[in-house]
Amino acid sequence: MIGSSRYWREVPQRYRYEAAKCTKCGKIFFPPRLVCNGCRSREFETVTLAQEGVLETFTVIRVAPTGFGDETPYAVGIIKLDDGVRITSQVVDCDVEKLNIGDRLRLEFRKVQEDGESGVICYGYKFVPAN
Amino acid sequence: MDSGIIGYGAYVPRHRIKVEQIARVWGADAPSYKRGLMLREKSVPTPDQDTITMSVEASRHAIRRAGIDAQKIGAIYIGSESHPYAVKPSGTTVAEAIGATPDIHCADFEFACKAGSEGMFVAMSLVEANQMEYALGIGADTSQGAPGDALEYSASAGAAAFVFGKEKRIAECEHTYSFMTDTPDFWRREYQFYPRHAGRFTGEPAYFKHVLSCAKKIMERSGTTAKDFRWAVFHQPNGKFPMRAAKKLGFEKEQVEQGWLSPTLGNTYSGSSPMGLSAILDVASPGDRILMVSYGSGAGSDGFIWKATDRIKEVQGLAPQTREQLENDPIYIDYGTYAKFRGKIRKLAN
């Protein structure tokens, strides 16, 4: 079961890609942290992540966890965004057999999962080919 | 009127199914469907796309063109017959995603295929009445046609969003007019998965009566004729109806072709004429006058007369254009994949 309260707490990150930037050393954290692991500062400003990047690595899921069975085969990758932040995400709207490291991707707002037929629908980010 | 469109955007899913794929499964004659409905293929949403996701993407494009802070948007109205929840608004999710909460008014509209234009009408009216600086009107749908029904060849997915304001307009609104009657040509009852329709009754007494009456009245009231417009867009339940309506009203093919998306997009229901308008705004020049007439079963039509301003050329390239999304790199799928994507197969939960 997906708790609607947990889903709700992650809305700024999942919907608007809000990250925390350390005001002392400039390191960006996504999701945000309370203490910077670079300089121990507790002062952060909210920044929005870059919406495009490059696929650094990926795997193809053929045996999916519960709730994702209809989507197999699908790709999950690590994308290095143009602001240097690395993010893990599903990569969709592509032929997984033709996906390559180095592909340019952009972010889109998508449905991530549903809590069955009657539960909450969770939205968030996924990546698609940039052109 | 002092208000008008200051930003617009559309979203088209990448997946497509051709008429031949659907006809083959049901033993129908594809050439006669293609000829009769003037449809070649339609867009298909993936399981992770719905009215909310497409509305967010279209709205982001519209806000980029408007060049405004989303926090200044005072209202979001989404028209759709496929809101993902029966009880929980689509508008709040879209508002949160574009960064427009919490000082905002939201409502979800439903009026078959006309809900998008009514969202536009109400959003623009609130700006006109000085209730707010900006308002967002959206038409979006992931419409369903029952397997084997004629609607299955046309029911598709897409969204268009429009930011309304008084300053930095890209299109002024010169006139509006709406025409409504109680006409039961298409409906879906509570808890029913697929809509029903009254076959040929959806034509003359429904679509044509409302679209033609609305178009004639708005032109009469504004003292215009078809010749005064550079462009026109009508609701597109298929490829044939809007072309026939245009001809009856005295419009030439060149005036309607740019916004005539249905042959390769299908019927995006609440997104239909709004998406056609977005395709026209992509190429419009300053001074171009545009007639837009929507249609929703049940039944009614909203009419708008828009006039492009000098700013139109500045914003056209700021976000993906509608025909570019429609024509670039579509992913074609077979009927089996389509049936899976649209939840038409009974299966165990996984």
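These questions and answers walk through a predicted model.

Reader: What span does helix α5 of chain B reach from its first C-alpha to its last?
Author: Helix α5(B) covers residues 115-128, which makes 14 residues. At 1.5 Å a residue, the expected span is 20 Å. The helix comes close to that value, reaching 20 Å.

Reader: Which residue just after α5(B) takes a positive phi?
Author: The helix α5(B) ends at residue 128. Just after α5(B), a phi of about 60 degrees appears. The residue that takes it is Asn130(B).

Reader: How many cavities of 30 Å³ or more are there, and what is the volume of the largest?
Author: Rolling a probe the size of a water molecule over the atoms shows where empty space is left. The count comes to one cavity of 30 Å³ or more. The largest cavity has a volume of about 50 Å³.

Reader: Which element gives the most to the lining of the largest cavity?
Author: Two elements of chain B each supply at least two lining residues: β11 (231-234) and α7 (240-248). Among the lining residues are Ala232(B), Val233(B) and Phe234(B). With three residues, the element that gives the most is β11(B).

Reader: How many charged residues does the lining of the largest cavity have?
Author: The lining includes Met243(B), Val256(B) and Trp260(B). By class, seven lining residues are nonpolar and two are polar. The number of charged residues is zero: there are no charged residues.

Reader: Are Arg62(A) and Glu97(A) buried or exposed?
Author: Arg62(A) and Glu97(A) form a salt bridge, with the closest N and O atoms 3.2 Å apart. The pair links distant parts of the chain, 35 residues apart. Arg62(A) sits in the loop between β4 and β5 of chain A, and Glu97(A) in the loop between β6 and β7. Both residues are exposed.

Reader: Are Glu108(A) and Arg110(A) buried or exposed?
Author: Their side chains meet in a salt bridge, at 2.8 Å from N to O. Glu108(A) and Arg110(A) also belong to a network of salt bridges, with Asp48(B) among its members. Both Glu108(A) and Arg110(A) are buried.

Reader: Why does Lys253(B) count as partly exposed?
Author: Lys253(B) meets Glu257(B) in a salt bridge, at 3.6 Å from N to O. Partly exposed lies between the cut-offs of 20% and 50% relative accessible area. Lys253(B) falls in that range because its relative accessibility is 48%.

Reader: How many salt bridges does the structure hold over all chains?
Author: Side chains of opposite charge can pair when their charged atoms come close. One such pair is Lys253(B) with Glu257(B). Over all chains, the salt bridges number 28.

How values were computed: Residues are numbered from 1 along each chain as its sequence is written. Chains are lettered from A and ligands numbered from 1 in the order in which they are written. This is a predicted model: local features need pLDDT of at least 70, side-chain atom pairs count only at pLDDT 80 or more; totals for chains, interfaces and linings use all residues. Side-chain values use heavy atoms; hydrogens and water are left out. Helices (H or I, at least four residues) and strands (E, at least two) are DSSP runs, numbered from the N terminus. The expected span of a helix is 1.5 Å times one less than its number of residues. On a 1 Å grid over the protein atoms alone, a cavity is a set of points where a 1.4 Å probe fits but cannot get out, and a pocket is an open set with protein on both sides within 12 Å along at least five of seven lines; lining residues have an atom within 4 Å of a point. Grid points are joined across faces, edges and corners, and a volume is the space filled by probe spheres set on the points. Ala, Val, Leu, Ile, Met, Phe, Trp, Tyr, Cys and Pro count as nonpolar, Asp, Glu, Lys and Arg as charged, and the others, Gly among them, as polar. A salt bridge is a side-chain nitrogen of Lys or Arg within 4 Å of a carboxyl oxygen of Asp or Glu. Buried means under 20% relative accessible area, exposed over 50%, partly exposed in between (1.4 Å probe, protein chains only).
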